[in-house]
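Visitor: I'd like a close look at the empty spaces shut inside this protein. Could you take me through them slowly?

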Amino acid sequence: MGGAERRTGPRAAPHGAWASPLRAADVAAAGRRLSGVALAADGALWWAEGRPAEHGRVALVRRGPDGRVREAAPALDARTRVHEYGGGAWGLLPGGGAVLASAADQRWFAVEAPGARPRPLVPADGVRYADPAPCGEGVVLVAEDHRPGWPRRSLVHVPLDGSGPRELFAGPRFLAAPRVSPDGTRLVWISWEHPDMPWQRTLLWTADLAGGALSAPRVLLGGDRRESLVHPGFTPDGTVLVVGDRSGWWNLLEVREGSGGARVRPVHPEAAEQGFPPWTFATTSWAALDEDRVALVHAAGVGYRLDVVDRRTGRLTPLDLPFTAYAPALAAGGGRVAAVAASPTSPPAVVLVDVPGPGGGAGAVEVVRASAPAPEAGFLPVPRALEVPSAGGRTVHAHHYPPTHPDHPDPGPAPHVLFVHGGPTAQSQAACSPEVAFFTSRGLGVVDVQYGGSTGYGRAYREALDGNWGVVDVEDCAAVARWLVEQGLAPPGRVAIRGGSAGGFTVLAALTGTDAFSAGTSCYGVADLRALVRDTHDFESRYLDSLVGPLPQAADVYAERAPLNHVDGLDRPVLLLQGEQDPVVPPNQARAFADALRRRGVPHALVVFPGEQHGFRRAENVAAALEAELSFYGQVWGFDPPGVPRLSLG
């Protein structure tokens, strides 16, 4: 990746200034964001890819049975803003072609074949749609209408003839994952209400379908208990499967409706996660191969596996695949499984797996589209799983990426940066990351911290953050930072912390509440909890009820936890990176924190990127953010990274 710089000897440069072939511009430009896969009946493979070089535009791509790769609708940016985080912005049609959203005006279009002129299906009236499910001569979509003054959501049927949407169902605050049975006679979906999030409690619904109309909607599961039900769908024989956490772990469940209520049976029970938090639409961890067998992504050891489960017997057939990380996107058809997968030596890629028959055997794996070229092996860190003691007797999980460079085989103690994922109900899987290698190939170690509240370790671990956001996450990150020093992996005073969104909040809370870090980088992070509640979008507007407490009862807790209220005790440098058009964490949060740092005379920088929202999509901005961060650490720790512009600190 990129042009290799001249390698110098192991003593020629301090940690952070090692000569590296991984340039920020190459990492940014090559980093396609792969999301969603589908297999058509004709054998075609479809996927979506965000392209930083095209200002983050999401392209819908098809590889036909003849191997030819074409973009479906080159004029469109396939993104939806339902729930602001979007997802589920495209889907296939049984007769061929696809439907997809346009980011420009949120309208949906039908494309009969790649390159054909997109045909509008809904009016340009500001209503947003997501998560398509083919239904007769049309699709079922989740509609989000902001015109009443607050978001009203419904399930609608959108005919392919362009006659416009027709409402099928409404009532719950949030709706997601409509899925139509193979024979077209039933629909399932999930719903939830404020103040819950979908990983806390959802309801599984079903209804009868006839002639594009819905009848007898009823709750199938979740009405009598507090459980998270995600990734619903049907097997080819019409059996409902859903991932639920009633056992304490997200496991795949078979659900059959009966006169005495639903009968529920775990398909392959295990003390391991078989699901993902549905931050976006169209997430799944399973796909039916045939009436008996299901391809299933589940946690195993230090990463995730893709295996085959016989849903009638529960027997698991392992697939010998070279991957340890998977996106919540899976599709199956014709004895093949499509996924977005990665390993410690290969960045995320769209892959196609030939699944052996019930009798077993080896299946071929094809890498169809990589998100980025893999760095040279000598510059590629291999992650190691850590379990570190934390406060209150907890054990915090983490992935350690050591400094890695062929000219520095024994780096010794090195400055480290703790990566804190967003969410906070999310996780970072152990896999090859050009962004991580950008730092480790220059002599900085990286640790991805899966603090209490992260997914991937069961419901109890996920709920460790309830009422304790800004406490448990900070304690866990501080515990890992101190452990690095105690183990001789990092020198004292040379551990930084960086994170985005909710991870940015943890960064600022850790800097203002502990002495474990010498610097921090907050990307579009939360500084003022009350302001977040006031300004954020509907999907997350009650999220803090569980993470902090309900308002106004917990007003004092909000004030106490807000990093902005504790800047007076902060004396360590801070870098703030922010999108100018962020609707989730508006830029006023970063500006208020920067103003407070300026008044105190704390070294800092605020970099605001025009045109960016919650996360950076444009290649030039991704590269600028990486270079700013590396220059920032260089000034804090006393090294001068070659070829990187010097960031101006105030």
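Guide: Here is a walk through the cavities, what lines them, and two loops that take part. Keep in mind that this is a predicted model, where local features need pLDDT of at least 70 and side-chain atom pairs count only at pLDDT 80 or more, while totals for chains, interfaces and linings use all residues. Residues are numbered from 1 along each chain as its sequence is written, and side-chain values use heavy atoms, leaving out hydrogens and water.

So, how do you find a hole inside a protein? Rolling a probe the size of a water molecule over the atoms shows where empty space is left. A cavity here is a set of points on a 1 Å grid, over the protein atoms alone, where a 1.4 Å probe fits but cannot get out. The structure has 3 of these at 30 Å³ or more.

Let's start with the largest, with its volume of about 120 Å³ (the space filled by probe spheres set on the points, joined across faces, edges and corners). There are 16 residues lining it (each has an atom within 4 Å of a point). If you want to find its centre, look for Trp469, Val526, Leu532, Glu540 and Tyr543, the closest of the lining residues to that spot. Helix H6 (529-535) and helix H7 (543-547) each give two or more residues to this lining; helices are DSSP runs of H or I with at least four residues, strands are E runs with at least two, and both are numbered from the N terminus. By class, the wall has 11 nonpolar, 4 polar and 1 charged residues. Nonpolar covers Ala, Val, Leu, Ile, Met, Phe, Trp, Tyr, Cys and Pro; charged covers Asp, Glu, Lys and Arg; the others, Gly among them, are polar.

Now hop over to the second largest cavity, which holds about 70 Å³ of space. Its lining is made up of Trp199, Gln200, Thr425, Arg462, Glu463, Asp466, Tyr543 and Leu547, and that splits into 3 nonpolar, 2 polar and 3 charged. Spot Tyr543? That residue belongs to the linings of both the largest and the second largest cavity.

Two loops are worth a detour. Proline 424, right before Thr425 of that second lining, is in the loop between strand E31 (416-420) and helix H2 (434-440). The peptide bond from glycine 423 to proline 424 is cis, with omega near 0 degrees. Proline 195 lies in the loop between strand E14 (186-192) and strand E15 (203-210), and the bond leading into it from histidine 194 is cis too, with omega near 5 degrees.

Notes. On a 1 Å grid over the protein atoms alone, a cavity is a set of points where a 1.4 Å probe fits but cannot get out, and a pocket is an open set with protein on both sides within 12 Å along at least five of seven lines; lining residues have an atom within 4 Å of a point.
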